Structure formats: structure tokens, C-alpha cells
Amino acid sequence: MELGTSFTQFLIDQQRKYPSATGEFTSLLSEIATAGKVLSREVNKAGLIDILGYHGKLNVHGEQVQILDQFANDTFIKILRHTGHLIGIASEEMDDPYQIPDAYPKGKYVFLMDPLDGSSNIDVNISIGSIFSIYHRKSVGAHATMEDFLQKGRDQVCAGYIIYGSSTMMVYTTGFGVHGFTLDPSIGEFLLSHESIRIPSRGSIYSINEGNESLWGDGVREYVRQVKKEGKSARYVGSLVADFHRNLLKGGIFLYPADAKNKNGKLRLLYEASPLAFIVEQAQGKGSNGHQPILDIVPEKLHQRVPLIIGSSEDVEAANACIAS
Ligand code: AHM
Ligand code: MG
């Protein structure tokens, strides 16, 4: 499609192209984009709010100003519960899933999110992001059950992220390639900027927190030794969406491995690893826990952590080979 096509137009076109695509998705994704626009505005104001010390104080409406990750969580819920397409929402910010209240129509999907990943970077004006994932519900009752949320990544029907960076971008897949849209703030619309993204099969960047080196296993240490010898550049923002997005476009590998302190790594399977693994596979890359594809892992717990090795396919294979040996 022509670059600059609006997100809504693109979704309508996709719906026509793929008979399996339903109009429900068009409306759900449009509302996710709306939440992204609201958060983009708030993230842009965040520095100012921080300087002026508004957090925890009352705003002009007499309401407490929330910290941004809580605000992001509530914004997604408030916007998405109206759509009629969801039965429940799980979030990194909530211990238990949110059930769509009886006051709203209910639907056949569940929504999972990390509403504001990397939020410790807000104070220092570094890119952060929202990550989301959608599955068909499995249960049939009036409420979402744990089995609706504990599905392997392979069963996702949609995944995406919104990155609040030098511009705000939304990247998503419904299993028919990966597409990126950049927010044009002057008209408040996401416009097609990156159609059918493919990650290079090999990259020149590696991203890992090298401060953890003393905690790594031998395989990870050996892999990092190899990439340095090869001349790859180190790039680590410490904000997953930002590190992932750069590597997706330029080619590269991101690792948050298991280590002596974090036996299961740090990142969350359902809110971070699975959605990004679905995206990277759709872009011809790979996502792994070092031993098996992230998308094949059947979750046991909502907030389960997982080692994550993700990016260009040949780089992920090379890292896995070191970890296995
Ligand atoms: P968060 O969910 O608490 O924001 O933590 C997730 C973040 C990721 O964005 C990032 O990749 C990682 O934590 C960085 O961790 P570390 O500071 O240990 O390298
Ligand atoms: Mg997170």
C-alpha cells in the first residue's frame, strides 16, 4: 500500500484481502491506536510533570495525578472495555486479570499487555513503549478464566507495540506480516511508514546488559566473546521496546538470559516475550529461551518470567548453539 495511508484505511484494506480477518479486529486495533495516542501525549508531558512535581498531587479536576505506568494501564482498560470484543484483560501492572464488567458487551478475545515498559526511563527522556497481545478466549462462561490467558504464543491472533520515541510508532502483526505506522501529531493519525517489515537474517548489533556478566553462564559468556570478536556493536537502551525496535529494523540480537540471580531471566513471557516473538517470527526472525522457541512455551503462571534471546534468525541460532554447548 502507499506509504502515508492511514492506519484505519490500512486495516479496512487488510480486512478485504484476508477473508479470515474480521471487522472486530479493525475496531479493536483502532481503539488500541487511540490508547496509543493518549499515552503518546502523556509521555511527552511526563518530563514537565516530573519537574513540576505533580505526581501524587491534585490536578485541575481535583484528581490525583497518577504515575504514568498506572495511567497507561487504566487508559487501555477504559478504552478497550467499551469495544465489545473482549472478555478480560491481563496486565503486568495487575496481580489478577480484569474482567469486563457486565455493564459492557463482552466478546471473544482476551487482551494482555505491558502498558508501559521501561517506565524507569521516563525521568531521563528515553524511549519507552506499550506491548500487547490478543488471543481467542477458550472458556465459554460469563467471565474470562485462567486458561484464556495461559495460552502459548503460537496461538496469538495479534501482537504489537507502540514506541514513544523521537516519534510515536505502532507496529503490529495479525499473522500476515509486520507493519509499522508513525503518528503524525499534526493530524493525530498513525500513517503507514513501514510495510511488511523483514528483519535482516544477520545483524551487526548485540544488546545485553553487560553489567550482569559475572552472573552469566558459560554459554552466554562465550557467545558475547564471539560477537565482540566478529566486531558487532553493543547497543543497550535498557528499554525493551526501544532495543527490540532498533534491532527489528536494522538487524541484531537482544538477550536477557537466565543468570545466577534470575534463574528464569527477567522479562515476562506473556506481556513481553511472546508478543515480541510473534512479531519477530512474522518478520522472519527468531525468538527463543535458549532451548526452544518462545512461541512454543505453554505458560503456567500469568506473570511467569522467561529468558529471552530475540532478533535476526542467524544470530539467535548462533547464541542458542553457544548456550546449548
Ligand atoms: P519493567 O517491566 O520493570 O519496565 O522492566 C523491563 C525492562 C525492559 O524494558 C528492559 O529490557 C529491561 O527491563 C532492562 O533490565 P536491566 O535494567 O536489568 O538491564
Ligand atoms: Mg515490562
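# Buried strands, packed helices and two positive phi angles

Methionine 170 is placed in strand β6, which covers residues 168-173. The structure is a predicted model, and this residue is a convenient point of entry to its interior. Methionine 170 counts as buried because its relative accessibility is 0%, below the 20% under which a residue is called buried. Beyond its neighbours up to four places away in sequence, methionine 170 touches Phe7, Leu29, Ile32, Ala33, Phe132, Tyr161, Ile162, His179, Gly180, Phe181 and Phe190. Isoleucine 32, one of these contacts, is 138 residues away along the chain, yet the C-alpha atoms of the pair are separated by 9.5 Å.

A second strand residue can be read in a similar way. Leucine 112 lies in strand β3, residues 109-117, and is buried, with a relative accessibility of 0%. Setting aside residues up to four places away in sequence, its contacts are Ala90, Ile131, Phe132, Ser133, Tyr135, Phe149, Leu270 and Tyr271. Phe132 appears here and also among the contacts of methionine 170. The C-alpha atoms of leucine 112 and glycine 88 are separated by 8.6 Å, with their positions 24 residues apart along the chain.

Two of the contacts of leucine 112, Leu270 and Tyr271, lead to helix α7, which spans residues 269-282. Helix α7 is largely enclosed by the rest of the structure, because twelve of its 14 residues are buried. The buried residues are Leu269, Leu270, Tyr271, Glu272, Ala273, Ser274, Pro275, Leu276, Ala277, Phe278, Ile279 and Val280. Serine 274, in this helix, illustrates the enclosure: it is buried, with a relative accessible area of 1%. Apart from residues up to four places away in sequence, serine 274 touches Tyr135, Gly153, Gln156, Leu269, Ile294 and Leu295. Tyr135 is thus a contact of serine 274 and of leucine 112 in strand β3.

Helix packing is the next topic. Two packed helices are described by the angle between their axes and the distance between the axes. The axis of helix α6, residues 240-250, comes within 12 Å of the axis of α7, and the two cross at roughly 10 degrees. Helix α6 is therefore roughly parallel to α7, since the angle falls under 35 degrees. The contact is formed by Leu240, Phe244 and Leu248 on α6, and by Glu272, Leu276, Ile279 and Val280 on α7. An α-helix has 3.6 residues a turn, so residues three or four places apart point the same way. By class, the α6 with α7 contact comprises six nonpolar residues, no polar residues and one charged residue. The crossing of α6 past α7 is right-handed.

Helices α5 (residues 218-230) and α8 (residues 313-324) provide a second packed pair, with axes 7 Å apart and an angle of about 135 degrees. This angle makes α5 oblique to α8. The crossing of α5 past α8 is right-handed. On the α5 side the contact residues are Gly219, Val220, Glu222, Tyr223 and Gln226, and these meet Asp315, Ala318, Ala319, Cys322 and Ile323 of α8. Divided by class, the residues of this contact are six nonpolar, two polar and two charged.

Cys322, found in the α8 side of that contact, introduces the cysteines. Cysteine 322 counts as buried, at 7% relative accessibility, and cysteine 158 is likewise buried, at 0%. A disulfide is a covalent bond between the sulfur atoms of two cysteines. With a disulfide taken as a pair of cysteine sulfur atoms within 2.5 Å, the count in this model comes to zero.

Two loop residues complete the account. Just after α7, glutamine 284 takes a positive phi of about 75 degrees, although it is not a glycine. Glutamine 284 is located in the loop between α7 and β12 (286-288), and is partly exposed because its relative accessibility is 44%. Serine 196 also has a positive phi, near 45 degrees, in a residue other than glycine. The loop that holds serine 196 runs between β8 (189-194) and β9 (205-207). With a relative accessible area of 41%, serine 196 is partly exposed.

Conventions
Residues numbered from 1 in each chain as written. Chains lettered and ligands numbered in written order. Predicted model: local features only at pLDDT ≥ 70, side-chain atom pairs only at ≥ 80, totals over all residues. Heavy atoms only, no water. Helix = DSSP H or I, 4+ residues; strand = E, 2+ residues; numbered from the N terminus. Buried < 20%, exposed > 50% of the residue type's maximum accessible area, 1.4 Å probe, protein only. Contact = heavy atoms within 4.5 Å. Axes fitted to C-alpha atoms, helices over the stretch in contact; angles between N-to-C directions. Parallel < 35°, antiparallel > 145°, perpendicular 65-115°, else oblique. Left-handed = near helix turned anticlockwise from the far one by under 90°. Nonpolar A, V, L, I, M, F, W, Y, C, P; charged D, E, K, R; others polar.
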